[in-house]
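Reader: Hello! I am new to this structure, and I would love a close look at its aromatic rings and how they pair up. Could you walk me through them?

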Amino acid sequence: MKKTLIYIIGAGRSGTTFFDIVLGNSKNTISLGEINRFFKRNGIPPKRDVQSDVHLFWETVRESFEKTSNEMTFEELNTLFRNNEFHSKFLKSLLKKSDLSYKNNLKNLYKSILTNVEQNVIIESSKYPSRALNISNYLDKSDFDIKYIYLKKDPVKVIKSFNKKDIEQPSKSFLMANIYYLFVNIMCSLALRILKQRGHQTYCVKNEAFLKNPNTILQEASEALNQDFSESQEKISKNKPLNTGFLFDGNRIRLKETLFLEPYKNNTKKNMKYYFTRFFNYIVYR
């Protein structure tokens, strides 16, 4: 049966994991998180108990993939995917010049997921714009109807988050974080425009707008993507817990069983770094 794949594009630290979880609480929908790390993690979701539902689910996906894969090791596959999906490979994806082996293994990975997912809608928050283009380029359209959400977050908060060193993702200096945020969001904007031109349903939203008015944003997303997110809206309206689903990787919030949407707080301090970040990233967050 044909599935709907909703791919969330954005820069790191932009709230994509949480948005993935929120959408995954809708009817007949499953959250799978950062699938792009599948080979980096040897097909094993990090920091999960071996008897957990999440570990067991991905174990079946890995077994399915290994039945269709070639002689390449997961380490070799990780290198292959890095060489076709990293931000530096954006032009390669744009021109549809990906390696043949990459195309075949990308298809096999998603077919393995397709085999083991009962739900009709899959949410993925791998973020990378190159991967977003590649799944449009190469996945079998008879297997997936692919839709895209571009999630942006206030650059001041993203840059502040990148200064933290006690979390899973690597930290960045103030200047490098600004440069990263700017160029990744330029690529995301360009990718979304191209994907829309190709006929994919797309939706662009700011993380702060979602946190301030979650049900309004979910209703807009429902209309833009022709999807039913009413169950997620109901849970948020009644302050019910959100199940974190089967996220393979992503923000450490994935390790909790349930989450609640907390009230939005804007406690950003305005200083020289604040104004520099606002000015530097104006073109992508105006």
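Author: Happy to; here is a walk through the aromatic pairs. This is a predicted model, so local features need pLDDT of at least 70 and side-chain atom pairs count only at pLDDT 80 or more, while totals for chains, interfaces and linings use all residues. Residues are numbered from 1 along each chain as its sequence is written, and side-chain values use heavy atoms, with hydrogens and water left out.

Rings of Phe, Tyr and Trp (its six-membered ring) pair if their centres lie within 6.5 Å; planes under 30 degrees apart are stacked, over 60 edge-to-face, and the rest tilted. That rule gives 22 aromatic pairs. Take F38 and F65: their ring centres are 6.4 Å apart and their planes stand at 75 degrees, so this pair is edge-to-face. Because F38 sits in the loop between strand 2 (29-33) and helix 2 (53-68) and F65 in helix 2, the pair ties together parts 27 residues apart in sequence. (Helices are DSSP runs of H or I with at least four residues, strands runs of E with at least two, numbered from the N terminus.) F38 and F65 are both buried, meaning under 20% relative accessible area with a 1.4 Å probe, protein chains only.

W58 and F248 are edge-to-face too, at 5.0 Å centre to centre and 70 degrees between the planes. W58 lies in helix 2 and F248 in the loop between strand 6 (242-243) and strand 7 (258-259), so this pair ties together parts 190 residues apart in sequence. W58 is buried at 0% relative accessible area, and F248 is buried at 0% as well.

These residues share one aromatic cluster, whose members include F38, W58, F65 and F248.

How values were computed. Buried means under 20% relative accessible area, exposed over 50%, partly exposed in between (1.4 Å probe, protein chains only).
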